[in-house]
Amino acid sequence: MVTPATRRTGFVCDEAYFAHTTDEGLGPWVAPGPAFETPAGKRRIRDLVRDAGLLAELVPLAPEPLTRQDALRFHTAEYLDRLVAMSQAEGGNAGEDTWFGPGSWEIALLAAGGAATAVRAVLTGEVDNAYALVRPPGHHAERHWGRGYCLLANLALAVMKARDELGVGRVAVVDWDVHHGNGTEQAFAADPETLAISLHQDRLYPRETGWVQHVGEGAGVGTTINLPLPSGSGSGAYLDAFDRVVEPAVRRFRPDLVVVASGFDAGGLDPLGRMMLSAGAFAEMTRRVRNLADELCAGRLAMTHEGGYSELHAPFCGLRVLEEMSGASAEVEDPFDFIDDYGAQALTPHQRDAVDAVVRAHGLVQA
Ligand code: ZN
């Protein structure tokens with residue numbers, strides 16, 4: 001039994017996203033095999049959303065692929081040429097830890113295009129909010145190379161395109177993937193019109209980025225906010241970060257649109273992250289950003305999918321996020337809600353110190 005949606009929530013997905021193949025590239029000592037980032041992790045999210053009856057409550061949005069010209073708003077021509085050449089051959093490594101198979105250039109354009117489609121549908125009023133469940137992910141991709149399973153900077157390219165074509169002004173980005181949103185940071189470091197907030201596990205990946213003292217460059221100083229949290233953080237730390245950094249910073253910025261880089265790898269069962277969020281915690285963070293968007297920009301909220309490597313847990317996180325966005329409820333029992341009972345879910349002093357450092361670095365006053 002599904003409680004009906006109260007908002008028009010767009011949902012972008014495409015079978016092509018599951019045709020993108022990956023490899024961890026660990027040779028020569030172990031046999032080649034899939035990376036942590038696999039089609040199944042994302043397909044299972046789509047399948048649960050469908051099987052729970054929630055898909056029928058969402059507005060399907062067909063992704064429009066980006067063009068090479070669109071990708072050139074951020075990436076170098078040399079990098080794109082390299083991607084195309086590898087994609088037309090047997091695949092290769094886009095840069096760092098980003099092995100892919102043949103045909104992924106077109107799929108990457110469709111993934112970035114999926115993010116752009118979600119943003120466009122929200123800005124034109126076709127839907128109230130939207131979620132793009134895309135592969136490959138995007139927030140690690142830098143100007144001249146791919147990193148961390150990411151080929152193109154999906155979210156950054158979507159925002160840049162919306163700016164050029166739809167004239168959207170100030171955009172606030174909240175990245176709750178457990179890894180640092182380094183590509184998004186690079187794209188907007190000098191841009192005062194884009195606030196890029198990344199909550200991530202301290203020095204997880206990339207290890208050299210995501211520091212509190214990295215606050216933007218030139219005219220963009222102050223509009224990059226890095227919030228590295230200690231490993232082992234649970235809902236107490238994340239909600240303290242929302243209370244004292246994310247919410248006051250977004251309010252102070254007064255955005256016309258809120259975009260979330262949504263990864264589920266801060267989940268308590270993720271093999272790559274060491275955080276402790278439950279599906280219920282992702283629902284609460286979604287409620288927080290939805291309320292911010294309601295308060296500041298007529299509810300305009302778009303999310304694009306990044307990481308999340310527990311094939312069992314991530315679907316339940318995705319379901320709860322989409323329930324919060326749409327107002328529909330599928331009333332599916334969460335078999336992993338025991339994560340909420342893990343010890344040290346409540347805020348600890350060292351986690352509070354980590355948030356304090358960001359409050360101080362950005363002159364954020366507690367409400
Ligand atoms: Zn991640």
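## Buried parallel strands and the nonpolar core

Strand β9 has Val171, Val173 and Asp175 pointing one way and Ala172 and Val174 pointing the other way, and all of them are buried. Buried means under 20% relative accessible area, exposed means over 50%, and partly exposed lies in between (1.4 Å probe, protein chains only). Strands (E, at least two residues) and helices (H or I, at least four) are DSSP runs, numbered from the N terminus.

The model is predicted: local features need pLDDT of at least 70, side-chain atom pairs count only at pLDDT 80 or more, and totals for chains, interfaces and linings use all residues. Residues are numbered from 1 along each chain as its sequence is written, and side-chain values use heavy atoms, with hydrogens and water left out.

**Strands and crossovers**

Five of the five residues of β9 (residues 171-175) are buried, so this strand is largely enclosed by the rest of the structure. Two strands pair if DSSP finds at least two bridges between them. The table lists pairings in this model.

| Strands | Direction | Bridges | One bridge pair |
|---|---|---|---|
| β9 and β10 (residues 194-201) | parallel | five | valine 173 and alanine 196 |
| β9 and β12 (residues 257-262) | parallel | five | alanine 172 and valine 258 |
| β12 and β13 | parallel | five | valine 259 and alanine 302 |
| β7 (residues 129-132) and β13 | parallel | four | alanine 130 and alanine 302 |

From β12 the chain crosses through helix α8 (residues 279-297) to β13, and this β-α-β crossover is right-handed. That term applies if, with the strands pointing away from the viewer, the path from the first strand over the helix to the second runs clockwise.

Strand β13 (residues 301-305) has five of its five residues buried, so it is largely enclosed by the rest of the structure. Leu301, Met303 and His305 lie on one side of β13 and Ala302 and Thr304 on the other, and both faces are covered.

**The core**

A nonpolar core is a set of buried Ala, Val, Leu, Ile, Met, Phe, Trp, Tyr and Cys residues joined through side-chain atoms within 4.5 Å. The largest one here has 113 residues, and those with the most contacts inside it are Tyr17, Tyr131, Leu227, Tyr238, Phe282 and Met303. Helix α4 (residues 104-123) gives the most to this core, with 13 residues. In soluble globular proteins, nonpolar side chains tend to be buried together.

Leaving aside residues up to four places away in sequence, methionine 303 touches ten listed neighbours, including Tyr131, Trp176, Val260 and Met325. Contact means heavy atoms within 4.5 Å.

**Aromatic rings**

Six aromatic pairs are found in a search of the whole structure. Rings of Phe, Tyr and Trp (its six-membered ring) pair if their centres lie within 6.5 Å; planes under 30 degrees apart count as stacked, over 60 as edge-to-face and the rest as tilted. Phenylalanine 316 and phenylalanine 336 have ring centres 5.7 Å apart and planes at 75°, so their pair is edge-to-face. Phenylalanine 316 is in helix α9 (residues 314-326), while phenylalanine 336 is in the loop between α9 and α10 (349-361), 20 residues apart. Phenylalanine 316 is buried at a relative accessible area of 16%, and phenylalanine 336 is buried at 14%. Phe316, Phe336, Phe338 and Tyr342 form one aromatic cluster.
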